[in-house]
Amino acid sequence: MKKILSILLVAVVCCCVLSCNEKPKSYKFVTLGKDGKEKVEEFSAKNNTEALKLYFDRMEKVIMANLGKEPDYEAMYVISPDGDTLNTDEELLQKVSQDLPVLKPTEVPVQETPDTATKR
């Protein structure tokens with residue numbers, strides 16, 4: 001019995017070690033230009049969540065580079081190794097938006113103006 005338990009324990013530990021050492025997958029960041037041309041950049045990420053976070057970082061850089069001038073792109077999206085468009089996956093977007101401080105909803109305190117303070 002002890003021998004069986006020790007074999008099972010070793011098997012569980014091996015499975016955990018192998019699953020923790022996931023190799024990064026290749027994703028694609030696609031920028032569709034107004035002229036219809038696609039600019040494809042490949043990057044690596046461990047999973048879809050990390051890839052979507054990297055997509056938001058990359059998208060922010062593109063937007064900031066085009067700030068104040070007419071953008072030369074029409075759309076941006078990220079494609080997984082399976083061919084899925086990650087930035088249209090509502091469940092994944094919800095999960096990632098909870099982790100990103102920029103996308104978290106913030107409470108804005110209501111300030112009283114002299115008009116509203118006297119009406120009470």
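Here a colleague and a modeller talk through a predicted model of one protein chain.

Colleague: Glad to have a guide! What pattern does the chain follow along the sequence?

Modeller: Happy to help. The chain has 4 helices and 3 strands. Read from start to end, these elements follow the pattern α-β-β-α-β-α-α.

Colleague: In what order do the strands stand in the sheet?

Modeller: The 3 strands form an open sheet with antiparallel pairing. S2 and S3 stand at the edges with a single partner strand each, so one side of each is left without a neighbour in the sheet. The twist from one strand to the next averages 20°. The order is S2-S1-S3.

Colleague: How many bridges pair S1 with S2?

Modeller: These two strands form a hairpin with 4 residues between them. Lysine 25 stands opposite alanine 45 in S2, and tyrosine 27 stands opposite phenylalanine 43 in S2. The pairing runs in the antiparallel sense, and the number of bridges is 8.

Colleague: Which residue in the turn of that hairpin has a positive phi?

Modeller: Look at the turn between S1 and S2, where 4 residues separate the strands. One residue there has a positive phi of about 95°, and that residue is glycine 36.

Colleague: Which helix gives the most to the largest nonpolar core?

Modeller: That core has 15 residues, and Tyr27, Phe43, Leu52, Tyr55, Val78 and Leu86 touch the most other members. Strand S1 (25-33), strand S2 (38-45), helix H2 (48-65), strand S3 (73-79) and helix H3 (90-99) each supply at least two residues. The element that gives the most, with 5 residues, is H2.

Colleague: What angle does the direction of H2 make with that of S3?

Modeller: H2 packs on the sheet and touches S1, S2 and S3. Its direction makes an angle with that of S3 of about 160°.

Colleague: Are tyrosine 27 and phenylalanine 43 stacked or tilted?

Modeller: A pair of aromatic rings is described by the distance of the centres and the angle of the planes. Tyrosine 27 lies in strand S1 and phenylalanine 43 in strand S2, so the pair ties together parts that are 16 residues apart in sequence. Both residues are buried. Their ring centres are 5.9 Å apart and their planes are at 20°, so the pair is stacked.

Colleague: And are tyrosine 55 and phenylalanine 56 stacked or tilted?

Modeller: Tyrosine 55 is buried, with a relative accessible area of 4%, and phenylalanine 56 counts as buried at 18% relative accessibility. The ring centres of tyrosine 55 and phenylalanine 56 are 5.5 Å apart and the planes are at 50°, so the pair is tilted.

Colleague: Which residue do ring pairs link with Tyr55 and Phe56 into a cluster?

Modeller: The structure holds 3 aromatic pairs. Ring pairs link Tyr55 and Phe56 into a cluster with Phe29.

Colleague: Which residue of S3 does phenylalanine 43 contact?

Modeller: Leaving aside neighbours within four places in sequence, phenylalanine 43 is in contact with Lys25, Ser26, Tyr27, Lys28 and Phe29, among others. Its contacts also include Ala51 and Leu54. Strand S3 covers 73-79, and the contact that falls in that range is Val78.

Colleague: Is threonine 49 buried or exposed?

Modeller: Threonine 49 lies in helix H2. Not counting residues up to four places away in sequence, threonine 49 touches Leu92, Lys95 and Val96. Buried means under 20% relative accessible area. At 14% relative accessibility, threonine 49 is therefore buried.

Colleague: Is lysine 23 buried or exposed?

Modeller: Lysine 23 lies in the loop between helix H1 (2-20) and S1. Its C-alpha atom is separated by 9.3 Å from that of serine 44, which is 21 residues apart along the chain. A residue counts as exposed over 50%. At 71% relative accessibility, lysine 23 is therefore exposed.

Colleague: Stepping back, what share of the accessible surface belongs to carbon and sulfur atoms?

Modeller: Buried residues make up 21% of the 120 residues in the chain. The accessible surface of the chain comes to about 9700 Å², and the share that belongs to carbon and sulfur atoms is 58%.

Colleague: One last one: what share of the contacts with a separation of 6 or more joins residues 24 or more positions apart?

Modeller: This counts contacts within the chain by how far apart the residues are in sequence. Residues 24 or more positions apart account for 50%.

Technical notes:
Residues are numbered from 1 along each chain as its sequence is written. This is a predicted model: local features need pLDDT of at least 70, side-chain atom pairs count only at pLDDT 80 or more; totals for chains, interfaces and linings use all residues. Side-chain values use heavy atoms; hydrogens and water are left out. Buried means under 20% relative accessible area, exposed over 50%, partly exposed in between (1.4 Å probe, protein chains only). Contact means heavy atoms within 4.5 Å. Accessible areas come from the Shrake-Rupley method with a 1.4 Å probe; for residues, only the protein chains shown count as cover. A nonpolar core is a set of buried Ala, Val, Leu, Ile, Met, Phe, Trp, Tyr and Cys residues joined through side-chain atoms within 4.5 Å. Rings of Phe, Tyr and Trp (its six-membered ring) pair if their centres lie within 6.5 Å; planes under 30 degrees apart count as stacked, over 60 as edge-to-face and the rest as tilted. Two strands pair if DSSP finds at least two bridges between them. Axes are lines fitted to C-alpha atoms, for helices over the stretch in contact, and angles run from 0 to 180 degrees between N-to-C directions.
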